[in-house]
Amino acid sequence: MKKFLGLAGIFAGALALAACGGQESDAGAADVDAAAEEGQTVDASIEAALAGEHRSDEERARDVYRNPKETLLFFG
């Protein structure tokens, strides 16, 4: 019985991943276009967001390990 439940869980997880993988989103494209219209580059927009007052000192300290700017530029 436990083996069956384990296999069912693996199958359900694989099914969920497959369902998510086929959809493309243009949500970020609108932000990039808006930044370009305002004369800002994506790079400058990311830097402005990272420097924002809404981020705590703890979040900024983790940037060394998380590389948020590089990650966002990589994924577009």
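This is a short talk on one predicted chain, its helices, its charged pairs and its one aromatic pair.

Some ground rules. Residues are numbered from 1 along each chain as its sequence is written, and side-chain values use heavy atoms, with hydrogens and water left out. Since the model is predicted, local features need pLDDT of at least 70 and side-chain atom pairs count only at pLDDT 80 or more, while totals for chains, interfaces and linings use all residues.

Confidence comes next. pLDDT is the predictor's confidence in each residue, from 0 to 100. The mean for this chain is 76. Of its residues, 55% reach 70 or more. Where is confidence lowest, and where is it highest? The low end is helix 2, residues 27–37, with a mean of 58. The high end is helix 4, at 95. Where pLDDT is low, the predicted coordinates should not be read in detail.

Now the layout. The chain has five helices and zero strands. Read from the N terminus, the order is α-α-α-α-α. Helices here are DSSP runs of H or I, at least four residues long; strands are runs of E, at least two; both are numbered from the N terminus.

On to the surface. The chain has 76 residues, and 8% of them count as buried. Buried means under 20% relative accessible area, exposed means over 50%, and partly exposed is in between, with a 1.4 Å probe and protein chains only. The chain exposes about 6,600 Å². Carbon and sulfur atoms supply 61% of that area. The areas come from the Shrake-Rupley method with a 1.4 Å probe; for residues, only the protein chains shown count as cover.

Next, charges. Side chains of opposite charge can pair when their charged atoms come close. We call it a salt bridge when a side-chain nitrogen of Lys or Arg is within 4 Å of a carboxyl oxygen of Asp or Glu. How many salt bridges does that rule give? The count is three.

Start with Asp-43 and Lys-69. Their side chains form a salt bridge at 3.1 Å, N to O. Asp-43 sits in helix 3 and Lys-69 in helix 5, residues 68–75, so this pair links distant parts of the chain. The two are 26 residues apart in sequence, yet 8.0 Å apart in space, C-alpha to C-alpha. Asp-43 counts as partly exposed because its relative accessibility is 33%. Beyond its neighbours within four places in sequence, Asp-43 is in contact with Lys-69 and Leu-73. Contact means heavy atoms within 4.5 Å.

Lys-69 has a second partner. Glu-47 and Lys-69 meet in a salt bridge at 2.5 Å, N to O. Glu-47 lies in helix 3 and Lys-69 in helix 5, so this pair ties together parts that are 22 residues apart in sequence. Glu-47 is partly exposed, with a relative accessible area of 41%.

The remaining bridge joins Arg-55 and Asp-63, at 2.7 Å, N to O. Shared partners in salt bridges, meanwhile, join Asp-43, Glu-47 and Lys-69 into one network.

Stay with Arg-55. Its place is the loop between helix 3 (42–50) and helix 4 (57–66). Is Arg-55 buried or exposed? It counts as buried, because its relative accessibility is 12%. The side chain of Arg-55 also reaches the backbone oxygen of Glu-59, at 3.4 Å. Leaving aside neighbours within four places in sequence, Arg-55 is in contact with Ala-49, Leu-50, Arg-60 and Asp-63.

Its partner Asp-63 is in helix 4. Asp-63 is buried too, since its relative accessible area is 18%. Again leaving aside neighbours within four places in sequence, Asp-63 is in contact with Arg-55 and Pro-68.

Last item, aromatics. The structure holds one aromatic pair. It is Phe-74 with Phe-75, edge-to-face, 4.9 Å centre to centre, with 85 degrees between the planes. Rings of Phe, Tyr and Trp (its six-membered ring) pair if their centres lie within 6.5 Å; planes under 30 degrees apart count as stacked, over 60 as edge-to-face and the rest as tilted. Phe-74 counts as exposed, at 67% relative accessibility. Phe-75 is exposed as well, at 66%.

To recap: three salt bridges, a network of Asp-43, Glu-47 and Lys-69, and one aromatic pair.

Terms used: Polar contact = N/O pair within 3.5 Å; in protein donor to acceptor, adjacent residues only side chain to side chain.
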